[in-house]
Amino acid sequence: MNTRQYQMTVRAAAAERTAHALLDAMLARFRTTAYALIRLDEVAADAGVTVQTAIRRFGGKDQLTAALAAREITRIAADRADPAFASPATAVAALSAYYERDGDLIARFEQEALAIPALADLARQGRTVHLAWIEQVLGAGVAAGPDRDRRLAQLVAVLDVRCWQVLRHERGLTASETRLALEELVRSIVR
């Protein structure tokens with residue numbers, strides 16, 4: 001490899017690290033702060049770069065958020081391709097663990113998407129991934145026939161983050177009680 005190619009490779013790696021640092025900083029801010037209150041200069045400072053670098057890399061807060069959502073949706077889809085999601089029991093257990101880690105963040109994102117057009121399409125993409133996962137993992141257990149669409153809709157409702165929030169936060173169930181409640185609901189729908 002000649003010197004010029006080496007320098008380009010080093011620059012590309014540095015740009016990739018900067019992009020990931022900005023995405024991680026935006027995610028950290030979004031966990032604790034309403035979207036409207038997040039400032040790009042603060043995200044850039046958290047990432048250890050200037051706001052000009054953030055703008056040059058992503059264009060602005062909306063574009064940074066879109067890139068973050070795309071990264072997270074890709075991660076979620078990859079996580080859900082894991083064999084741990086192979087049966088109703090393991091699927092609910094893995095989804096419950098995921099919601100324990102990121103459920104409040106997902107719910108916040110869904111709520112913010114109602115008011116912020118830039119987030120609405122990203123929220124729809126996330127719901128599309130969730131629906132595809134339900135059909136892939138649990139759809140075989142839902143009999144064909146006139147009730148199938150209703151049963152799949154029930155699974156979507158039961159496995160939605162808002163159902164988890166009701167059980168976990170509003171009703172005060174422990175993590176294991178919430179997982180069990182979700183599993184019981186899924187088993188009542190899937191044969």
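This section describes helix α8, the buried residue Asp 102 and the two largest pockets of a predicted model.

Helix α8 spans residues 161–170. Its buried residues are Val 161, Cys 163, Trp 164 and Leu 167. These four cover an arc of only 160° around the axis, which puts them on the same side of α8. An α-helix has 3.6 residues a turn, so residues three or four places apart point the same way. The buried residues of α8 pack against three helices: α5 (88–115), α7 (148–158) and α9 (175–189). Just after α8, Gly 172 adopts a positive phi of about 75°.

Helix α5 also holds Asp 102. The relative accessible area of Asp 102 is 3%. The cut-off for a buried residue is under 20%, so Asp 102 counts as buried. Its side chain makes a polar contact of 3.3 Å with the side chain of Arg 75. When neighbours within four places in sequence are left aside, Asp 102 is in contact with Arg 31 and Arg 75.

The largest pocket encloses about 550 Å³. Its lining comprises 29 residues. Those nearest the centre of this pocket are Ile 76, Tyr 98, Ile 106, Glu 110 and Gly 126. Five helices each supply at least two lining residues: α1 (3–32), α4 (61–80), α5, α6 (117–138) and α8. The largest share comes from α4, with eight residues. By class, the lining of the largest pocket has 17 nonpolar residues, nine charged and three polar.

The second largest pocket has a volume of about 160 Å³. Its lining includes Ala 107, Glu 110, Gln 111, Ala 113 and Leu 114. Ala 120, Ala 123, Arg 124 and Arg 127 also line the second largest pocket, as do Arg 162 and Gln 165. Two or more of the lining residues come from each of α5, α6 and α8. Helix α5 gives the most, with five residues. By class, the lining of the second largest pocket has five nonpolar, four charged and two polar residues.

The two pockets share some of their surroundings. Glu 110 lies among the residues nearest the centre of the largest pocket, and Glu 110 also lines the second largest pocket. Helices α5, α6 and α8 each supply at least two residues to the lining of the largest pocket. For the second largest pocket, these helices again give two or more residues. Helix α8 thus recurs in the description: its buried residues pack against α5, α7 and α9, and α8 contributes to the lining of the largest pocket.

Technical notes: Residues are numbered from 1 along each chain as its sequence is written. This is a predicted model: local features need pLDDT of at least 70, side-chain atom pairs count only at pLDDT 80 or more; totals for chains, interfaces and linings use all residues. Side-chain values use heavy atoms; hydrogens and water are left out. Buried means under 20% relative accessible area, exposed over 50%, partly exposed in between (1.4 Å probe, protein chains only). The arc is that of the directions from the helix axis to the C-beta atoms. Contact means heavy atoms within 4.5 Å. A polar contact is a pair of N or O atoms within 3.5 Å; within protein, one must be able to donate a hydrogen and the other to accept it, and residues adjacent in sequence count only if both atoms are side-chain atoms. On a 1 Å grid over the protein atoms alone, a cavity is a set of points where a 1.4 Å probe fits but cannot get out, and a pocket is an open set with protein on both sides within 12 Å along at least five of seven lines; lining residues have an atom within 4 Å of a point. Grid points are joined across faces, edges and corners, and a volume is the space filled by probe spheres set on the points. Ala, Val, Leu, Ile, Met, Phe, Trp, Tyr, Cys and Pro count as nonpolar, Asp, Glu, Lys and Arg as charged, and the others, Gly among them, as polar.
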